[in-house]
Amino acid sequence: MRTTRLAGALTAVLALALAATGCGNGSGGQPGGSAPAGAATGTAAAADRVEPLAAPASPRLPVTVPSADGRTVTVTSTERIVPLSGSLSEIVFTLGLGGRVVARDITATFEQAADLPVVTRAHDVSAESVLSLRPTLVLAESTTGPAEAVAQIRDAGVPVVVVKPAKGLADVGTRIDAVAAALGVPDSGTALGKRTQERIDAVRKGIPAREEKPRVAFLYVRGSAAVYLLGGAGSGASSLLEAAGAVDAGKESGLTKDFTPITSEALAKAAPDAILVMSKGLASVGGIDGLVKVPGVAETPAGADRRVVTVDDGVLLNYGPRTDQVLKSLVGQLYGAKK
């Protein structure tokens, strides 16, 4: 999972969890448990594929672009691209340049990228693995690390363009534009940004009007690693939940940080009507039956009603070209609409 699309604290937690469980991101297993009529049950999403632009442009190079690390980078070739996050990979493939990508990081699990060699281990970049593939461009997040590995790649003469992490829906177009500019296809970036925003707007128009918005708590759980966290204002999920017509229960209860350990007291204060959890996280605790055994969950309205909303790890917080699908899934599960 990325999404900085993911705060730095969550990235560290993910590294710990992945190391302990050996799990990557991507489409998770079907959650267990049942729910009463009308309650969200964490239904699996559609096939994990990206949809490239119908008429992608060819790169016009060289280009000189700003990098989020304060540098200015000149790109002369995009023949061998290495995106170091699932979110960046998704953008490159959707811009129509997936055939030029020669590697992926562990969080790029969509179908078109699945057979590429992995150059990260528990989210740490292996400079040796990257350089062995002779990349002509590396795309990184501000949170990509370790810093020494990124510096080693840059010192070898490979252009490294760093993109600011996504924190919400407002960052979708900005990130698409940044990647498209680095690839020399700014017009494709404009087209993709327009397509993505139109699809997001269409989903939002279909959200049922409600007098009282559902309160949703975002939980990050990895049972095998004993990681149980409640998302707050900085978790990255607030923007999605609010766009879906819901209230981020953790943020609303006063949690200003990204994540805090789950306690019965914190959950009681959040008082969620529904719980949002990643697919693999839900599977790691044994489905809904296991989730309600986490201390404090069963005592919440969501736990009592077994109302759980789940989205695949690889897309939930990407804030990329498939954000409309994530939002549509949330809306469908929260309100019982068809996906």
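Start with T323 and what it touches: once its neighbours within four places in sequence are set aside, T323 is in contact with L169, V172, I200 and L240. This is a predicted model, so read each of these contacts as part of a prediction. T323 belongs to helix α13, and it's tucked away, with a relative accessible area of 3%. That value is under 20%, which means T323 counts as buried. Its side chain also has a polar partner, because it reaches the backbone oxygen of G320 at 2.7 Å, inside the 3.5 Å limit for a polar contact.

Now follow that helix along to Q333. Helix α13 covers residues 323–335, and Q333 sits in it. Is Q333 buried or exposed? Q333 is buried, at a relative accessible area of 5%. And what does the side chain of Q333 find there? One of its polar atoms lies 3.0 Å from the backbone oxygen of T310. So T323 is buried, Q333 is buried too, and each has a side chain paired with a backbone oxygen: that of G320 for T323, that of T310 for Q333.

From here, move to the nonpolar core. The largest one has 63 residues, and the members that touch the most others are L95, L139, V179, L183, L276 and L316. Take L95 as a way in. Beyond its neighbours within four places in sequence, L95 is in contact with L53, P56, V179, A180, L183, V185, S188, G189 and L192. Two names come up again in that list, V179 and L183, and they're also among the residues that touch the most other core members. There's a second core as well, separate from this one, with 20 residues; A266, I275, V277 and V292 are among them.

Next come the aromatic rings. How many aromatic pairs are there? The count comes to three. In one of them, F93 and F110 meet edge-to-face, with 5.1 Å from centre to centre and 80° between the planes. F93 is in helix α2 (residues 86–97), while F110 is in the loop between α2 and β4, so the pair links distant parts of the chain, 17 residues apart. Both rings belong to buried residues: F93 has a relative accessible area of 8%, and F110 comes in at 2%.

Another pair is Y220 with F259. Why is this one edge-to-face? Their planes are at 70°, and anything over 60 counts as edge-to-face; the ring centres are 6.5 Å apart. Y220 lies in strand β8 (residues 215–222) and F259 in strand β11 (residues 259–261), so the pair ties together parts that are 39 residues apart in sequence. Y220 and F259 are both buried. Add F218 and you have one aromatic cluster, made of F218, Y220 and F259.

For a contrast, look at R121 in strand β4, which spans residues 120–121. R121 is exposed, with a relative accessible area of 71%. Its C-alpha lies 7.1 Å from that of I106, a residue 15 places away in sequence.

Finally, step back to the whole protein. It has 13 helices and 13 strands, and of its 339 residues, 55% are buried. As for the outside, the protein exposes about 13,600 Å², and carbon and sulfur atoms supply 51% of that.

How values were computed
Residues numbered from 1 in each chain as written. Heavy atoms only, no water. Core = buried A, V, L, I, M, F, W, Y, C linked by side-chain atoms within 4.5 Å. Buried < 20%, exposed > 50% of the residue type's maximum accessible area, 1.4 Å probe, protein only. Contact = heavy atoms within 4.5 Å. Helix = DSSP H or I, 4+ residues; strand = E, 2+ residues; numbered from the N terminus. Polar contact = N/O pair within 3.5 Å; in protein donor to acceptor, adjacent residues only side chain to side chain. Phe/Tyr/Trp six-rings, centres within 6.5 Å; stacked < 30°, edge-to-face > 60°. Areas by Shrake-Rupley, 256 points an atom, 1.4 Å probe, with all protein chains shown as cover.
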